[in-house]
Amino acid sequence: MQTVYEAAGGAAGLLRLAEAWHERVMADEVVSHAFSHGFHPHHSGRLAAYWGEALGGPAAFTDSYGTESSVVRMHSGNGPHAEMDRRAIACFDQALDDAGLTAEPLRRVLHDYFAWVTTTTMSRYHASADDVPDDLSIPRWSWDGLRR
């Protein structure tokens with residue numbers, strides 16, 4: 001069976017999605033605040049590599065950019081941000097259209113993955129980035145959801 005990564009178009013498809021999502025969030029008055037401190041010039045490529053690894057693709061993110069712990073630390077210590085999360089998910093859903101990833105069940109699986117990672121993994125350590133353990137690994141997502 002094809003992986004979610006493959007069905008999304010592999011590295012190129014996820015890069016299109018990451019670029020579309022980044023464009024959407026930068027235009028959103030609430031979500032863009034998360035980027036007000038600046039962002040890596042290759043943010044979309046790094047994001048696509050992260051998503052790809054989580055969705056059944058190669059270990060491009062951990063081989064080249066960092067660990068799950070480093071990603072979660074970047075998203076931690078900012079207090080609860082449910083409205084920002086909700087709007088980031090809405091931007092993701094719009095980016096799926098922009099990137100042409102509209103076929104079911106792919107669209108639903110990608111939405112479910114992004115909503116889950118946004119509201120759990122990336123939102124787990126509200127108080128401080130110092131609370132993030134050093135040994136986290138990228139959660140893997142399949143057609144059936146989180147792989148355990």
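In the predicted model, G56 adopts a positive phi of about 105° just after helix 3. The helix that precedes this glycine comprises 12 residues and reaches 17 Å from its first C-alpha to its last, which is close to the 16 Å expected at 1.5 Å a residue. Helix 3 is mostly covered, with 10 of its 12 residues buried, and the buried set consists of H43, S44, L47, A48, A49, Y50, W51, G52, E53 and A54.

Packing of helix 3 against helix 2 was examined next. Two packed helices are described by the angle between their axes and the distance between the axes. For helix 2 and helix 3, the axes come within 8 Å and cross at roughly 125°, and this angle makes helix 2 oblique to helix 3. The crossing in which helix 2 passes helix 3 is right-handed. On the side of helix 2 the contact is made by L14, L15, L17, A18, E19, W21 and H22, while helix 3 contributes H43, S44, G45, L47, A48, W51 and G52. Among these helix 3 residues, H43, S44, L47, A48, W51 and G52 also belong to the buried set of that helix.

Helix 6 spans residues 82–98, and its 17 residues should extend over 24 Å at 1.5 Å a residue, a value with which the separation of 24 Å between its end C-alpha atoms agrees. The buried residues of helix 6 are M84, D85, A88, I89, C91, F92, A95 and L96. These residues cover an arc of only 160° around the axis, and they therefore lie on the same side of helix 6. In general, an α-helix has 3.6 residues a turn, so residues three or four places apart point the same way. The elements that cover the buried residues of helix 6 include helix 2 (10–27), helix 3 (43–54) and helix 7 (106–119). Just after helix 6, a positive phi is again found, in this case at G100, with a value of about 75°.

Outside the helices, D134 is placed in the loop between helix 7 and strand 1 (141–142). With a relative accessibility of 68%, D134 counts as exposed, because the threshold for that class is over 50%. When neighbours within four places in sequence are left aside, D134 is nevertheless in contact with S69 and R73. The C-alpha atoms of D134 and E68 are 8.6 Å apart in space, although the two residues are separated by 66 residues in sequence.

Definitions and conventions: Residues are numbered from 1 along each chain as its sequence is written. This is a predicted model: local features need pLDDT of at least 70, side-chain atom pairs count only at pLDDT 80 or more; totals for chains, interfaces and linings use all residues. Side-chain values use heavy atoms; hydrogens and water are left out. Helices (H or I, at least four residues) and strands (E, at least two) are DSSP runs, numbered from the N terminus. The expected span of a helix is 1.5 Å times one less than its number of residues. Buried means under 20% relative accessible area, exposed over 50%, partly exposed in between (1.4 Å probe, protein chains only). The arc is that of the directions from the helix axis to the C-beta atoms. Contact means heavy atoms within 4.5 Å. Axes are lines fitted to C-alpha atoms, for helices over the stretch in contact, and angles run from 0 to 180 degrees between N-to-C directions. Angles under 35 degrees count as roughly parallel, over 145 as roughly antiparallel, 65 to 115 as roughly perpendicular and the rest as oblique. A crossing is left-handed if the near helix is turned anticlockwise from the far one by less than a right angle, and right-handed if clockwise.
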